[in-house]
Amino acid sequence: MNTIRAAVIGIGNMGSAHASQIYRGNVQGMELTAVCDCDPGRQAWAASTLPGVRIYEDYHELLAERPVDAIVVATPHPLHPVIVMEALEQGYHVLTEKPAGIDVGSVRRMNEVAARSGQVFGIMYNQRTNPLFQELRRRYQKGDLGELIRFTWTVTNWYRTQSYYDSGSWRATWNGEGGGVLMNQSPHNLDIWQWITGMPERIYARCPIARFHDIHVEDEAEILAEYGSGATAVFITSTGEFPGTNRLELSGTRGKAVMENGRLTLTLMEGDQDIRLITRSERASMPHSLPMRTEVIEQHEEESGHLGILNDFSAAIREGTPLLAPGTDGIYGLSIANAAYLSQAENRWVSLPLDAEAYERVLRQRQQAEQERQQAAGMRGAQHVGEYTGEYSERWKVRW
Amino acid sequence: MDHQIVRIGIIGIGNMGSGHAERIARGDISGMELVAVADERESRRDWAREQLPETVHVYETADELMADPSVNAVLVAVPHYQHPALVIKALQHGLHVISEKPAGVYTGQVQEMNKEAERHPELTFAMMFNQRTNPIYIKMHEMVNSGDYGKIKRVNWIITDWYRTQHYYNSGSWRATWAGEGGGVLLNQCPHQLDLLQWICGMPVRVMSYMHEGKWHDIEVEDDVTTYMEFADGATGVFITSTGDAPGTNRFEIDLERAKLVCDNDQLTVYELDVNEREYCYTATEGFKKPDGHYVDVVLEGENTQHNGVLQAFTDHIISGAPLIAEGREGIRGLTLSNAMHLSHWLGHPVEIPFDEDLYLKELNKRRATSRAKTTVVEDVANLDGTY
């Protein structure tokens, strides 16, 4: 197949980096043909930085004129499903930024369109390219750790100051981002969690608003979860703690895995024994030593990150290879986040798959209250102060 | 009474009591002498006659032991339900008393015990919270309560290295039943952690807990627990425990405004911030900037004296008024946490502390009424050295 002609819709922090990388030829088999942004300042940036690339103000025009084969969507979150659906329906291959959207209902509709379209649809889950996550997933799914007992992930090293939250009017709002830490910082973690273990079936969460910052969304969350098998999980995140912790633990019936400080440590039962068998047959109250072996796996190669996902997307279009992060997978992490919000609002266990309408009512209420508050305060849609370096920030990698 | 020597009688010489008896009898505790033991089981009395010095009086009942004029203090090491009643009886007999953990099974009975203790300020009443002698926990207690590091933000304790086999649960008819023990891992293995949690971090005001009964073993009580907690000043946390994980984890993390403490696998790591994060958050002018800080070399002081340390402090308190490791009346706090977790799980929603104690007892009694008799009991004194 010929080189894929690509357009990036939304050239803010993320989109300008994607556009620059494709433009410089860093994505194999893909060239940057067009960009689209409604902000004149961003259009001017594109004109000076990406000579020769067509610039659109309205994505409808771009889609209608068809100068490209593939679309990368990097707009504010609520627009993701809207643009993705239109692009897929019009026969484009699409890669969307995370999160897939801000409410499960519209993402479900997007996934239905994607399934019908037959086009390649990916999502920018760049942390899936991390070799340690891949190794843990491979080992767990191969059965090395046995069946899941519990999964515990504390990822509280997302520290942000108040200044961060003051830097953009859409940031950390129900209308702009659809929530706080669970929509902006943690979508990668929520995805990696379900990517490794599969989805839980019920969730109880506390994610109170404004614990650490002067904002109207949550800046921390504690999610308790249970799987169909009866296995359990706990997920803890926050932007208000420093230095914070990033420690993932998976306990299984054949041993446990801990990821911390950029290292994966597996402690496995010798001879692949299942602890449940020992529990039943052992003739002592607690065996003095359970024979275990330890394996320490360091991360030797860099994660390929955003470029890895872009290359994977390009290859999928050109060669039909399977995607590392299919776009339809975006619904899983989002379901956990939405379920957490619903659980917080109603202080109860919430089952998955999520009752999308129940969550939509909660979201609408919060969005409306926020609009009224902003109007009362005489706020206008102030412009976001971005970095626009056209580079991928170190911050977007897995950080230990 | 001559208080230059504490002459102790041990009520209950099963797993725990027999270990205490042996250590006291061989003179590990200076100023304490083992003068009597009591156990309803003939096999345990036979053991005492064979293994303990001939001078030790062996009784069948607690009443007989308390009536022995050579006894001036008792150690209660019988199944949990009986702790408060025996402590009350000992205090009424004018005896100093130290009780094994937990203080009891439900807080109602422990309130009664504490009221009796208040009536006897002249007597020493202590709890066997031996893990409070661990220099790591002492250090964490000091650091958190010094005020130097600001308020607590988060407390996470994963304590899943309590692995037990089915054989363990089969050893003892009272073990891991609602009627005999009043709960599972929370009542038997975790009283130490629940006590340390409140000792170091203060009492939570709300818990949300979910558990599984008999998930990893053929038992009717919980062997897998996940709890979310909230503290009065807004701190939050989780407490996760199980007797089915192997190898399991013991990792206790406390995040404060100016420090992060982690005790993982008996190693304490401390990170100290140069500024209070709460102030930094609102004064920093860049969104992604982080406060400065550094790891600190922690110097731990003293030996990890465990049971002997608690017994020594109990003895010294009686003789000279030296401080106890754990006051008897503090036993109610960890039990309150444990009861609140059970109640939250039974009701399926969060529970505020203090909770409705009558409701708790009603719910517990429902389970005691249908508690199933064990069919495969192996009377056995387990060797649990080094596991508590």
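Is A:Asp272 buried, partly exposed or exposed, and what is its relative accessibility? I shall come to that residue in a moment. The structure under discussion today is a predicted model, and my subject is its backbone geometry.

Let me begin with the general expectation. Most residues other than glycine have a negative phi, and most peptide bonds are trans. Against that background, I wish to present four places in the two chains.

I turn to A:Asp272. Its phi is near 55°, a positive value in a residue other than glycine. A:Asp272 sits in the loop that runs between strand 13 (263-269) and helix 9 (275-281) of chain A. To answer the opening question, A:Asp272 counts as partly exposed, because its relative accessibility is 42%, and the partly exposed class lies between 20% and 50%.

The next residue is A:Ala172. Here too phi is positive, near 55°, and the residue is not glycine. The loop between helix 7 (162-165) and helix 8 (187-197) of chain A holds A:Ala172. A:Ala172 has a relative accessibility of 6% and therefore counts as buried, the limit for that class being under 20%.

I now move to chain B and to its peptide bonds. B:Lys101 and B:Pro102 are joined by a cis peptide bond, with omega at about -10°. B:Pro102 belongs to the loop between strand 5 (96-99) and helix 5 (107-118) of chain B.

A cis peptide bond also links B:Ala246 to B:Pro247, where omega is about 5°. B:Pro247 is located in the loop between strand 10 (236-242) and strand 11 (250-256) of chain B.

Terms used: Residues are numbered from 1 along each chain as its sequence is written. Chains are lettered from A and ligands numbered from 1 in the order in which they are written. This is a predicted model: local features need pLDDT of at least 70, side-chain atom pairs count only at pLDDT 80 or more; totals for chains, interfaces and linings use all residues. Side-chain values use heavy atoms; hydrogens and water are left out. Helices (H or I, at least four residues) and strands (E, at least two) are DSSP runs, numbered from the N terminus. Buried means under 20% relative accessible area, exposed over 50%, partly exposed in between (1.4 Å probe, protein chains only).
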